[in-house]
Amino acid sequence: MNKADENSKIDLEALRRKDKHAFAQLVNQNSDNIYRLGMKMLGNPQDAEDILQETFIKAFDNIDRFEGRSKVSTWLYRIAVNEALMLLRKRKDNLTEIDAELETKNGDLLPRQIVDWCCLPEKELVSNESRKRINAAIQTLSDANRAAFLLRDVEGLSTKETADVLDISESAVKVRLMRARLQLREELTNFFADKMVRESL
Amino acid sequence: MKHSHDLDCKDLLSQMNDYIDGDLDETLCSEIEAHIKTCQHCQIIVDTLKKTITLCREEGREVNLPPDARQRLFEKLNLPENDD
Ligand SMILES: [Zn+2]
């Protein structure tokens with residue numbers, strides 16, 4: 001089960017009083033999730049730690065604005081994703097913005113590579129080399145598609161929750177998720193198909 | 001690729017996400033399963049897509065907050081540690 005579900009035990013009244021123990025509990029229950037999201041959005045531990053700190057500072061300052069209609073974990077994800085996207089935008093300021101362009105070009109990502117690599121032994125699929133490639137593949141996604149993919153498929157949020165976090169419609173979540181998944185499949189297929197060829201030689 | 005089924009490869013691709021997430025009704029689900037049985041192309045896409053998601057999820061969930069970063073977080077927030 002999603003760890004976030006434990007958050008129902010969080011005492012919202014105590015948080016609003018800025019009770020330190022209640023807040024420490026909130027941090028303990030959510031810091032792994034938020035750090036993980038930062039790591040995968042930004043790709044390095046330093047930025048992930050900055051996102052983590054900023055998220056909880058903002059949560060502490062703005063707890064009055066949390067209405068309690070969604071899970072508190074969803075609210076924290078929302079702060080963290082916004083922080084991450086802001087940092088990514090800042091980082092790209094000097095570079096040309098190619099994200100939006102790529103997005104439309106890849107509009108319908110038709111599967112190109114049709115190779116069944118599922119039969120590869122598990123130890124090949126999760127070798128250090130493979131894991132590096134999986135991480136690199138996640139980083140090739142556009143920021144918007146990556147955020148949708150991480151929330152839905154890694155953090156295990158529902159489509160509705162993901163839509164709330166990203167402030168977009170559920171159908172937009174589905175479109176981004178589909179693009180992300182197909183692109184990842186293509187990236188991993190390139191890698192594992194090569195591996196199969198090399199090994200059959 | 002054309003098949004005798006009502007559903008072609010293009011339809012399947014557009015329903016793939018919902019199919020993988022188990023969000024489709026039974027009728028559509030069994031139509032897709034029937035298609036996949038006779039179409040290796042789609043079978044491979046579904047299998048590799050599912051495997052891709054599993055591998056990325058497992059890799060993603062490997063990450064945990066390092067203890068020193070946790071300590072810095074609590075200091076920054078001026079919160080008591082070991083307070084579960
Ligand atoms: Zn087909």
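Q: How many residues of chain B are in contact with chain A, and how many on the other side?
A: In this predicted model, 40 residues of chain B are in contact with 45 residues of chain A.

Q: What area is buried there, and what share comes from carbon and sulfur?
A: About 4,100 Å² is buried between chain B and chain A, and carbon and sulfur atoms give 63% of that.

Q: And the polar part: how many residue pairs are in polar contact across the interface?
A: The rule finds 14 such pairs between chain B and chain A, both residues being at pLDDT 80 or more.

Q: Which helices of chain B supply the side that touches chain A?
A: At least two residues each come from α1 (9-20), α3 (40-61) and α4 (67-77) of chain B. The largest share, 16 residues, comes from α3(B).

Q: How many salt bridges cross the interface of chain B and chain A?
A: There are 7 by the rule. Over all chains, the structure holds 23 salt bridges.

Q: Which residues does A:R131 pair with?
A: One partner is B:E59, with an N to O distance of 2.7 Å. A:R131 also meets B:E62 in a salt bridge, at 3.8 Å, N to O. That second pair crosses from helix α7 (residues 128-140) of chain A to the loop between α3 and α4 of chain B.

Q: Is the A:R131–B:E62 pair buried or exposed, and what are the values?
A: Neither extreme applies. A:R131 is partly exposed at 28% relative accessible area, and B:E62 is partly exposed at 49%.

Q: Switching to the metal. Which atoms are the protein donors of the zinc ion?
A: The donors are SG of B:C9, NE2 of B:H35, SG of B:C39 and SG of B:C42, lying 2.0 to 2.4 Å from the zinc ion. Along the chain, the donors follow the spacing C-x25-H-x3-C-x2-C.

Q: What geometry does the zinc site have?
A: Tetrahedral, with angles of 101 to 114° among the 4 donor atoms. For reference, the ideal angle for four tetrahedral donors is 109.5 degrees.

Q: Are B:H35 and B:C39 buried or exposed?
A: B:H35 is buried, with a relative accessible area of 0%. B:C39 counts as buried too, at 1%.

Q: Back to charges, within chain A this time. What does A:D143 pair with?
A: Its side chain meets that of A:R146 in a salt bridge, 3.2 Å from N to O. Both residues lie in helix α8 (residues 143-154) of chain A, 3 residues apart, about one turn of the helix. Both are buried.

Q: What about A:R181 and A:D153: what is the distance, and which helices are they in?
A: Their side chains form a salt bridge at 2.8 Å, N to O. A:R181 is in helix α10 (residues 170-200) of chain A and A:D153 in helix α8, so the pair ties together parts 28 residues apart in sequence. A:R181 counts as buried at 1% relative accessibility, and A:D153 counts as buried at 2%.

Q: Which residues are in the network around that pair?
A: Salt bridges with shared partners join A:R152, A:D153, A:R181 and B:D21 into one network.

Q: A:R152 came up. Which residues, leaving out sequence neighbours up to four places away, does A:T159 touch?
A: A:T159 touches A:R152, A:E170, A:V173 and A:K174. A:T159 is in helix α9 (residues 159-166) of chain A.

Q: Why does A:T159 count as buried?
A: Because its relative accessible area is 11%, and buried means under 20%.

Notes. Residues numbered from 1 in each chain as written. Chains lettered and ligands numbered in written order. Predicted model: local features only at pLDDT ≥ 70, side-chain atom pairs only at ≥ 80, totals over all residues. Heavy atoms only, no water. Donors = N, O, S within 2.8 Å, 3.2 Å for Na, K, Ca; no water. Tetrahedral: all angles 85-135°; square planar, octahedral: opposite > 155°, others 65-115°. Buried < 20%, exposed > 50% of the residue type's maximum accessible area, 1.4 Å probe, protein only. Contact = heavy atoms within 4.5 Å. Buried area = accessible area lost by both parts, 1.4 Å probe. Salt bridge = Lys/Arg side-chain N within 4 Å of Asp/Glu carboxyl O. Polar contact = N/O pair within 3.5 Å; in protein donor to acceptor, adjacent residues only side chain to side chain. Helix = DSSP H or I, 4+ residues; strand = E, 2+ residues; numbered from the N terminus.
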